[in-house]
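Work through the exercises below with the structure open beside you. Try each task before reading its solution.

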Amino acid sequence: MKLQATAAAAVCFVVLLVASEMVISSEAAGCDIFQLVPCMAASKNAKVTPSRQCCTNIANMGKGLPGAKCLCSLLNHPLAKSNGVIPRIALAIPQKCRIAVPKGFVCQGIRVPGS
């Protein structure tokens, strides 16, 4: 019984270590899921215009390929999925914000509008 508890504690530690590393590396790259909170309504409904704060936050993720990859990676985040973000709609936000996306950029099998 004690061996099972020790093994479970070790597994939990490894999971926490990996999770914290993922958060640190994604935030260090400017890919912070919480930066997309102002974009929530515009990422669920194509008729909603993204807010100025949403556009600013997406622009701050980086220009060109790094920013596009960051946005794409965040669409796979569990918080995005659990909040009903629709990737096809969310990927149109950079174009609505007049933010350039690399030509022909594809995310999750979807060609990003304006690319």
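The exercises below deal with disulfides and one proline in a predicted model.

**Exercise 1.** Find how many disulfides there are and how the bonded cysteines are paired.

*Solution.* Start with the chemistry: a disulfide is a covalent bond between the sulfur atoms of two cysteines. In a model, the cut-off is a pair of cysteine sulfur atoms within 2.5 Å. Applying this rule gives 4 disulfides. Next, number the bonded cysteines of the protein chain in sequence order; the pairing then reads 1-5, 2-3, 4-7, 6-8.

**Exercise 2.** Determine which parts of the chain are linked by C31 and C70, and whether these cysteines are buried or exposed.

*Solution.* First check the bond: C31 and C70 form a disulfide, with an S to S distance of 2.2 Å. Then place each partner: C31 is in the loop between α1 and α2, and C70 is in helix α3 (residues 64–74). The two are 39 residues apart, and the pair links distant parts of the chain. Finally, both C31 and C70 are buried.

**Exercise 3.** Compare the handedness of the disulfide C55 to C97 with that of C72 to C107.

*Solution.* Begin with C55 and C97, whose sulfur atoms are 1.9 Å apart. The torsion about their S-S bond is about -75 degrees, so this disulfide is left-handed. C55 lies in helix α2 and C97 in the loop between α6 (93–96) and β1 (106–107), so the bond ties together parts that are 42 residues apart in sequence.

Now take C72 and C107, joined with an S to S distance of 2.0 Å. Here the torsion is about 95 degrees, so the disulfide is right-handed. C72 sits in helix α3 and C107 in strand β1, 35 residues apart.

**Exercise 4.** Decide whether C55 and C97 are buried or exposed.

*Solution.* The cut-off for buried is under 20% relative accessible area. C55 has 18% relative accessibility, so C55 counts as buried. C97 has 14%, so C97 counts as buried too.

**Exercise 5.** Describe the surroundings of P50.

*Solution.* Locate P50 first: this residue is in the loop between α1 (2–28) and α2 (52–59). Its relative accessible area is 11%, so P50 is buried. Then list the contacts, leaving aside neighbours within four places in sequence: A42, C55, I93, K96 and C97. Two of these, C55 and C97, are joined by a disulfide. For I93, compare sequence with space: P50 and I93 are 43 residues apart in sequence, and their C-alpha atoms are 6.8 Å apart.

Technical notes: Residues are numbered from 1 along each chain as its sequence is written. This is a predicted model: local features need pLDDT of at least 70, side-chain atom pairs count only at pLDDT 80 or more; totals for chains, interfaces and linings use all residues. Side-chain values use heavy atoms; hydrogens and water are left out. Helices (H or I, at least four residues) and strands (E, at least two) are DSSP runs, numbered from the N terminus. Buried means under 20% relative accessible area, exposed over 50%, partly exposed in between (1.4 Å probe, protein chains only). Contact means heavy atoms within 4.5 Å.
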